[in-house]
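Work through the exercises below with the model open. Each task is followed by its solution.

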Amino acid sequence: MRLEPGEEGIVQVVFDLPRRSVNLLGRDLLRQLDRILELVAAQETARGVLFRSAKPRMFIAGMDVDEIAAARDGFEASEGARTGQRVFQKIAELPIPTACAIGGPCLGGGLELALACTIRVASDGPSVEIGLPEVQLGIVPGFGGTQRLPRLVGLGPALDLILTGRRLDGRRALRIGLVDRVVPEAYLERETIALLREVAARGGRPPSRRGRPAWTRLLERVGPLRRLVLARARKRTAARVSPEAYPAPFRALDAVEAAFALPLAQGLDLEARIVGELLSTRTAANLIWIFRSQGALKKDPAGIEAPPRRVRRVAVVGAGIMGGGIAQLVADRDVPVRLKDIRQEALLAALRTARGVWEERVRRGRLLERELRQKMGFISTTLDDTGLSKVDLVLEAVVEKLEVKQQVLAAVEERIGERAVFATNTSSIPISEIAGRALRPERVVGLHFFNPVHRMPLVEVIAGQRSSPEAVATVRAFAIELGKTPVLVRDSPGFLVNRILTAYINEAMRLLGEGVSVEAVDAAMTAFGMPVGPLALLDQVGLDTALHVGRVLEAAFGKRIGGGGPLLAAMVDSGRLGAKSGRGFFRYRDGRRAGPDREVYRLVEAAAARALPAETLQERMVLAMVNEAAVCLEDGVVREPRDVDLAMVLGTGFPPFRGGPLRYADALGIAVVCDRLSRLADAHGERFRPASLLREMVRQERTFHP
Ligand code: NAD
C-alpha cells in the first residue's frame with residue numbers, strides 16, 4: 001500500500017499486493033493503512049482521499065481467508081474484527097471527504113472499507129462484483145459491514161446482500177444506492193476524483209442518493225414494523241437452512257437488527273462478538289476448510305510432472321445431456337467448440353440447452369444479449385467428423401457403451417493431430433479399457449463431469465494405465481480453466497464419487513426392502529443436510545443408469561457395495577426409470593416430483609410399515625459412505641482425505657457444514673465410527689465391517705484431518 005500525493009490536495013491511497021493477482025486485506029495491510037491514515041490526517045493541505053487499486057479491474061477482494069482461519073479462538077477472532085473496525089472508523093472520522101474507485105472485486109473487508117468512505121464510484125465493467133460473502137464461510141462481516149450497509153442502503157437490500165452473499169455489478173449497486181455513480185472503466189479514476197472534488201467543495205456533503213421509497217424508511221424507524229420485517233426474514237431463512245447447521249445468517253439478522261436499534265459503537269461491538277462466536281463453530285471451520293482446500297487443490301499439481309498444453313480449440317463428441325452442457329461450458333470461456341452427434345435433434349437440443357443457460361444469465365443481468373450471441377457463435381455443430389483436425393482436446397460424451405466409445409475414439413484418432421488429447425466422460429468404464437485399442441493410448445484420459453454440468457463444481461480426472469503426464473496435466477488444467485475443481489482419481493470401477501454414492505444408495509434400497517417408507521428414507525437424509533434424499537437422487541440420475549453403474553461396481557467389489565441390484569432391476573423392468581419416465585420411487589407430473597409411488601412397495605415386497613428413528617436410518621446410510629470412503633483411501637483411489645471430502649461436497653452435495661464424510665467421521669471420533677460400524681456389521685451384514693484403515697487409525701489414535 002502506498003500514499004501518493006495527488007493534484008489539488010487529493011491524496012491517493014493505492015493498494016497493490018505484491019506477487020498476487022488480487023488485493024487482499026491482512027493484519028499487516030491494516031497496520032499500514034492505520035499509519036497512512038495518521039499521515040493523511042496530519043496533512044493540512046489534503047482536501048480529499050481517494051482509495052484505489054494499482055491492479056486494473058480490481059479493488060479489494062476481501063480479507064485473506066488464511067488469516068481468518070489462523071485465529072486461534074473466538075476471542076482472537078473478535079479482536080481481529082475490532083482491529084479492522086477501528087482502522088475503518090478512522091476513515092469514517094477523517095475531517096476531509098473520502099472516496100473509493102471500484103474497478104473490480106470489492107468484497108467482504110474491501111466493501112467494508114468502501115462503506116466507511118464518504119462516496120463510492122464503480123466502473124460499468126464486467127469484473128466489478130460488490131458484496132459481503134462472509135455467510136458463505138459461516139461467519140458475518142466483521143469490519144462494520146453489518147452496521148454500515150443497512151444504514152446506507154436500508155434494511156431490505158442490506159439483508160439481501162448479507163444473508164445470501166450475493167454480488168452486484170456496478171449498475172445494480174447504483175440502483176440500491178450502494179455506489180454513487182457508475183462510469184466507464186477508462187474514466188474510473190478521473191470521474192471518482194471529479195466527484196470527490198464536488199463533495200469537498202460542498203463541505204463534505206455526499207451527493208443525494210437514489211431516493212429510497214419513503215415507506216421503507218418508515219419500516220426501519222418504527223420498531224414494531226421493523227421487527228415484523230426481520231421476523232419474516234428469519235422465517236424465510238429458516239425455510240432455507242437450519243440455525244444449528246448454518247448459524248451465520250441468523251446471527252447476521254441479529255447484527256443488522258442492532259444497526260437500527262443501537263448506536264454505531266454498540267452495533268460494532270455486537271458484530272465483533274458475533275464474529276468470534278461464529279468462527280469457533282464447526283460449521284465455519286468446515287466451510288472455511290472447503291474454501292481453502294479448493295484453492296489448494298487447484299494449485300497442487302497432484303504429482304503430475306509435466307506442464308499442460310494450451311487448449312485453444314475443442315471438440316465435443318456426443319451432444320446429449322452431458323455433451324450439450326460441456327459444450328456450453330467451453331464456449332462460455334470463449335473457446336471455439338465443434339459439437340458432433342449422429343442425430344440432428346440432439347445437436348439442436350444441445351444448442352437450445354446452451355442458449356437456455358445463457359438466457360437465464362441475461363435475465364439476471366449477468367450477461368448482455370450481445371455477449372449471448374457471441375458465445376453461441378463459439379459453438380459449431382456437425383453430423384460428420386469434419387472440423388476436428390485443428391482441435392487440441394476432444395471431450396467425448398457419447399452413450400455409456402464400451403464398443404461405442406472405442407469406435408468413436410478410433411474414428412476421432414484418424415482426424416485429430418498427434419498431440420491432441422482425448423478425454424472421455426465415462427461414469428463407470430475404466431479408461432484403460434476405452435484406450436485398449438487406441439493408436440495413441442497415452443493421449444487418452446478420463447474427465448468425469450457431474451450433472452448438471454454448469455452447476456456442479458467437481459470433475460474427476462482419471463489417468464489410465466498408459467495416459468501420459470502431459471495429457472493428464474492438460475485435461476486437469478483445462479478443467480480448472482472451465483472453473484471446475486479437479487480431483488485426480490485412480491482408474492478403477494466407479495472412480496471415487498459414484499463408488500461411494502453407490503454404497504449409500506444401496507443402503508437406502510435395503511432400508512426400503514426392510515419395510516421403511518420412501519419418504520422416511522429420503523427425509524432422514526435431507527434432515528442430515530443432503531440437498532435431496534437418496535431415492536429422489538436415483539430418480540434424477542435415472543434408474544437404468546444407476547443399475548448399470550451398480551452392476552459394474554458389484555462385479556468389482558462384490559456385495560460390499562452391491563445388493564440393491566434386484567430391487568433396482570425390478571423397478572427398471574416395470575418401466576420405472578425415474579424422473580425422465582414420469583415415475584420412479586416418486587411419481588412425476590410435468591417433470592415435477594409429486595409424491596411417492598405406492599406401487600413401489602409391491603415391487604419391494606415390503607409394507608412401508610416399519611418406523612425407525614431418523615438417526616438410525618442416517619447412521620446406516622452415512623456410515624456406509626464413510627466406510628467405503630476409507631476403503632477408497634486404502635485402495636489409493638485418491639491420494640488424501642482432502643480429495644474425498646471435497647469430491648463428495650462438490651460432486652454430491654454432501655452437507656458442506658459437515659465438511660465431507662471423513663471430516664464428519666473425525667468429528668464423531670474414529671473409535672466411535674469403528675464401534676458403530678462393527679455393531680452394524682453384526683446386525684446387518686459384513687458390508688459394514690470397518691475398513692482396516694479405520695481400525696488402524698483407532699490403534700494409532702489418528703484422525704483423517706489434523
Ligand atoms: P445421452 O444419451 O444424453 O447422450 C449421448 C449422446 O451421444 C446422444 O445424443 C447420442 O446421439 C450420441 N451418440 C451416440 N453414439 C454416437 C456416436 N457414435 N458419435 C457421436 N454421438 C453419438 O447421454 P449422457 O447422459 O449425456 O451421457 C453421456 C456420457 O456421460 C456417458 O458416458 C455417461 O455415462 C456420462 N455421464 C453421464 C452423467 C449423467 O448424469 N447423465 C453424468 C456423468 C457422466
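The exercises cover one helix and some ring contacts.

This is a predicted model, in which local features need pLDDT of at least 70, side-chain atom pairs count only at pLDDT 80 or more, and totals for chains, interfaces and linings use all residues. Residues are numbered from 1 along each chain as its sequence is written, and side-chain values use heavy atoms, with hydrogens and water left out.

**Exercise 1.** Compare the expected span of helix α14 with the distance between its end C-alpha atoms.

Step 1. Helices are DSSP runs of H or I with at least four residues, strands are runs of E with at least two, and both are numbered from the N terminus.
Step 2. The expected span is 1.5 Å times one less than the number of residues.
Step 3. For the twelve residues of α14 (residues 321–332) this gives 16 Å; the end C-alpha atoms are 17 Å apart, which agrees.

**Exercise 2.** Decide how far α14 is enclosed.

Step 1. Buried means under 20% relative accessible area, exposed over 50%, and partly exposed in between (1.4 Å probe, protein chains only).
Step 2. Eleven of the twelve residues are buried, so α14 is largely enclosed by the rest of the structure. Among them are M322, I326 and L329.

**Exercise 3.** Classify the aromatic pair of F15 and F51.

Step 1. Rings of Phe, Tyr and Trp (its six-membered ring) pair if their centres lie within 6.5 Å; planes under 30 degrees apart are stacked, over 60 edge-to-face, and the rest tilted.
Step 2. The whole structure holds six aromatic pairs. F15 and F51, 6.4 Å centre to centre with 15° between the planes, are stacked.
Step 3. F15 lies in strand β2 (residues 10–15) and F51 in strand β3 (residues 48–53), so the pair ties together parts 36 residues apart in sequence. Both F15 and F51 are buried.
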